[in-house]
Amino acid sequence: MPPTLERQALLGDPQLAGVELCRAYSDLVDRWLAELYELEVGRNQGVALVAVGGYGRSELSPQSDIDLLLLHDGIVPIGEIAERIWYPIWDAGLKLGHAVRTPKEALRLAADDLDTATSMLSLRPVAGDRALAEDVASRSRTLWAKRAKRWLAELSRSVKQRHAVAGEVAFLLEPDLKDGRGGLRDVHAIRWAEAARTVMLEGDDDGLAEAYDTILSARVELHRRTGRRGDRLVLEEQDGVAGALGYPSADELMRAVSSAARRIAWTSDEVWDRVDSSLAGPLRSRLVRDREVAPGVVLRDGIVELHRFADPGADPLLGLRVAVAAATNATRIERRTLNRLAGEAPALGDPWPDGARSLLVELLLAGEPAIAVIESLDQRGIWVRVLPEWAKVRCRSQRNAYHTFTVDRHLCQAAVNAAALAEQVDRPDLLVVGALLHDIGKGEPGDHTEAGIELVGRIGPRMGFPPADVTVLQELVRHHLLLADVAVRRDLSDPGTIERVASQVRSLSTLRLLAALTEADSLATGPAAWNSWKAELVGELVDRVAHVLGGGEASEVTTTDRFPSEAQRARMAEGRRVVEASGDDLLVIAEDRPGMFSRVAGALALNGLDVLEAAAHSDDAGMAIETFRVQSAFGSVIPWERVVTDIEKALEGKLALHARLEERARMYRRDRRRALAPDPPTVLVDNDISTAATVIEVKAPDAVGVLYKITRAIAELDLDLRSAKVQTLGADVIDSFYVCDRSGGKVTDPNHLGELERAILHALAG
């Protein structure tokens, strides 16, 4: 009988999880298939049912295919036998990968196809003629080893291609546990390579099995929980997987996954680098001569090594010199050198010895190659001797959809991004070190910025920076979000905004450092954190603040883009409705009436358009003008003809906006993968940053029609909306609105502000 009930019981057993569940499920399927074979086929010689692939490794995940190969000698009636085995498996609702081959056919395919060849390396008898199965398994392994050079070259290419598509496991928010760099397939590839020839050094296998089991356990539990195929550990499943595997929190699960994947990825990278080098042959060695690249450090066969007479215990700078040599030559550090540094190199101490800070800066300025070098040092416990505070951010997940990387990888990426911008600043050393440390406080409780300022106050002097430079580093930590936040959330045409930023930054040198850090940090955060629109706004803000810091007046740079312009005022004076669109921009001129802005925003949302920035103005003649910069949620081409028609209908009161948006919201959930319970909406009031208006900042979960709901509530309180800035951060929006009362002044009445907050929160709750 099919093991349906047994399978359900096994997968539902809370005492079984991870690897144990995986192997218990494989054993269950083994027993059932052996019984099925005995019942349907009997003891027929010349036929063997064998497991291959993941099932052959006894690693059957709940949603994996049962990969089977029916071997036969070409004499028995194999078609009838195959049907007796395959159909009961299908009838049981199990996923089956199947093939029927003679030994000759199987070996011929294994000689020409990489996937077939690797699957045969895990061939395991399940039922039938064991001698036949074991003979094919032995001949497959011999054939694999005989064609080692070809298969290793193909494997190396496939590993690189797979990494390019699947990305990282160790550093990504939602990793692909199987195909990602540092995932299960990397260990399989190493084992396959090892079956062809010895590719691992002594120590390579240390911890690899444990790391593999960690990733496999997470994958098995993901399959069990979701009941569907797929190996990406999405945010919404991380809490459940963590609980089932006994982790106290999803953060601890992801830290364990990250640590395991880093071990796998580092071992894999070194294995394939050695394989590629060996495949290149002796010609490479003849072309690359040994040379000393730093005191006690040589470049031999393209790899950085310690000179045999070098003494890491007596020379505390040796580790950093090795790291700089590897990064500047875009290569790796030889394993014995790493082991010697790990065993003998001391911590740098407090304060650092002369020259250490310059070496750290040189390492970071090397750019992208520095990441792999720092990772190698970190794998051997050397990096924390350089920066002990690193231990608390190592493998620390940032569990929101805005951040792509773990904290440690984010800091490394920000530093190398900053290196590419070094020519834009007066002090490249402060830029790259500031980028490396800007989020170092995320390893501490409480506000990460305040914690980071305190940590840098200790780290900077230890590195040997003078007090004035330490102050600048602390300012970079304190204000690393300032330019980005102001650029996308405040009205840059308001002199008060520019003056406020100038008073915080205080110097042109610091402003340039912050501008470069903002770009480097944003690029290291994720795809939603930096784009041409944000770059344009940050650049505009920096130019205006620089004018003020250079002795100019904020009004001199904020009046140049006064809204409305003279041409726009002239069009308003014509007294007729205008709805025009070009590219990403929309212009609306119409009779001034309460709720005009929300009607346009509602029509845009109805057509899947997100508002990035908006401005509004009304004149004494009863006309209003509004401009919008938008982006489409469904592609680069905006169907403006349809959108303009809907805006016209909305302005005329001929479109049931509220009802239509509710229908659209039910059809399209914007926050499709929000794993954590959303924070409740908040409303903040600022009457200081702007000289002319009250700033209302609303943070809320992103959803269809959010801007429409907020601006509709503002209109109901009889407030004049002057401008709006809209930003989406992951699954949340942070919208800022500049509003005035009907007399054109700020809203200062506490009761009025209280009612406004109540109206907005009520609209969002609905």
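Reader: Why is the sulfur of Cys395 not counted as bonded to the closest cysteine sulfur?

Author: In this predicted model, the cysteine sulfur closest to that of Cys395 belongs to Cys412 and lies 11 Å away, whereas a disulfide requires two cysteine sulfur atoms within 2.5 Å, so the pair is too far apart for a bond. The sulfur of Cys412 likewise has its closest cysteine sulfur in Cys395, at 11 Å, and by this rule the count of disulfides comes to zero.

Reader: What makes Cys395 and Cys412 count as buried?

Author: Buried means a relative accessible area under 20%; Cys395 has 2% and Cys412 has 7%, so both cysteines are called buried.

Reader: Which residues touch the most other members of the largest nonpolar core?

Author: That core has 97 residues, and the ones with the most contacts to other members are Leu363, Trp383, Trp390, Val433, Met463 and Leu541. Setting aside neighbours within four places in sequence, Val433 is in contact with Val361, Leu364, Met463, Phe465 and Leu473. A second, separate core holds 78 residues, among them Val47, Ala51, Ile81 and Trp151.

Reader: How do you know that helices H29 and H30 meet, and what is the character of the residues in their contact?

Author: Contact requires heavy atoms within 4.5 Å, and the residues that meet include Met596, Arg599 and Val600 in H29 and Trp640, Val643 and Asp646 in H30. By type, the residues of this contact divide into nine nonpolar, no polar and two charged. The axes of H29 (residues 596–606) and H30 (residues 640–651) are 9 Å apart at an angle of about 145°, and the crossing is right-handed.

Methods
Residues numbered from 1 in each chain as written. Predicted model: local features only at pLDDT ≥ 70, side-chain atom pairs only at ≥ 80, totals over all residues. Heavy atoms only, no water. Core = buried A, V, L, I, M, F, W, Y, C linked by side-chain atoms within 4.5 Å. Buried < 20%, exposed > 50% of the residue type's maximum accessible area, 1.4 Å probe, protein only. Axes fitted to C-alpha atoms, helices over the stretch in contact; angles between N-to-C directions. Helix = DSSP H or I, 4+ residues; strand = E, 2+ residues; numbered from the N terminus. Left-handed = near helix turned anticlockwise from the far one by under 90°. Nonpolar A, V, L, I, M, F, W, Y, C, P; charged D, E, K, R; others polar.
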